[in-house]
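Colleague: I have a two-chain model open and would like to go through the terms used to describe it. Could you take them with me?

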Amino acid sequence: MYMFLPFLLALAGCASVWRARAGLSYVMWGATVVVTVAWFFHHATDPLKFSF
Amino acid sequence: MGEQRPVGAILNMLGLLGISLILTVAFTYQLALGELPCPLCLLQRAGFIAIGMGFLFNMRLGERPSHYAMILIACLVTGVIAMRQVSLHLAPGDPGYGSALWGLHFYTWALIAAVGVVSYVALVFVLKDATGRREADEPVTGLAPNVVFAVFALLVAANLLSTVLECGAGQCDDNPARYLLLR
């Protein structure tokens, strides 16, 4: 699990924006969000002692 | 006299500046106080970067409803991650993680900021409507947008470098005490 991956993907997204490559920029944004959510589920393992 | 920028372009530039400010404050605390960000803190930063990318898309690729949707989705992701961390430290007597700014920890500020950006996007829509510029879909160029873009890209690169130094090629400790690649 590479913690730096979301930042690498986002930087690639910025580079794509600079080169005005819209499609690739959107793919990089999507990958950034998907990896961020995946890493969140990987880390959010402690049970919360809440009851509703 | 130069050509007047559409209100949407200015508001998106301000939005990206705001996200850059958030990332700068987090970085300042990391470097000045030596507080290493935890995994959830890093993911909140990644969320803010994804929000910033939405503003950046509006600036450089042209204003689109889908770009605003990206901002809102990234706000949801960032808000949920922040809410999870708030919940972890909600119990009475819990000192929280890291230092506080004006009485609130950074994950609480992250939650407030994520909700704030949603409100800001709503304000952008209202102001665009009120000024009658609903169709301003062309990219903005010039010195100011380029500088704002450069600052944001620099902060993304700095976060990448810092995370590599802190965590190496793996996952970060839950309570990191030192940079893994710096002895």
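Modeller: Gladly; we can go through confidence, helices, burial and contacts in turn.
Modeller: This is a predicted model, where local features need pLDDT of at least 70, side-chain atom pairs count only at pLDDT 80 or more, and totals for chains, interfaces and linings use all residues. Residues are numbered from 1 along each chain as its sequence is written, and chains are lettered from A and ligands numbered from 1 in the order in which they are written.

Colleague: How do you know how confident the predictor is in chain B?
Modeller: The scale is pLDDT, the predictor's confidence in each residue, from 0 to 100. Chain B has a mean of 89, and 94% of its residues reach 70 or more. Confidence is highest in α2(B), at 96, and lowest in strand β1 (residues 100-101) of chain B, at a mean of 84. The model as a whole scores ipTM 0.93 and pTM 0.92.

Colleague: What makes α2 of chain B a helix with a span close to the expected one?
Modeller: Helices are DSSP runs (H or I, at least four residues; strands are E, at least two), numbered from the N terminus. The expected span is 1.5 Å times one less than the number of residues. With 22 residues, α2(B) should span 32 Å, and its first and last C-alpha atoms are 31 Å apart. Just after α2(B), B:Gly62 takes a positive phi of about 100°.

Colleague: Why is α2(B) called largely enclosed?
Modeller: A residue is buried if 20 or more other C-beta atoms, placed from the backbone, lie within 10 Å of its own, exposed if 12 or fewer, and partly exposed in between. In α2(B), 22 of the 22 residues are buried, so the rest of the structure largely encloses this helix.

Colleague: And why is A:Val34 called partly exposed?
Modeller: A:Val34 has 13 other C-beta atoms within 10 Å, so it is partly exposed. This residue lies in helix α2 (residues 22-43) of chain A.

Colleague: How do you know which residues of chain B are in contact with chain A?
Modeller: Contact means that C-beta atoms, placed from the backbone, lie within 7 Å. By that test, 33 residues of chain B are in contact with 25 residues of chain A. The largest share of chain B's side, 12 residues, comes from α2(B).

Colleague: Last one: what makes the crossing of α1(B) and α5(B) left-handed?
Modeller: The near helix is turned anticlockwise from the far one by less than a right angle (clockwise would be right-handed). The crossing of α1(B) and α5(B) is left-handed, and their axes come within 10 Å and cross at roughly 35°.

Methods:
Contact = placed C-beta atoms within 7 Å. Axes fitted to C-alpha atoms, helices over the stretch in contact; angles between N-to-C directions.
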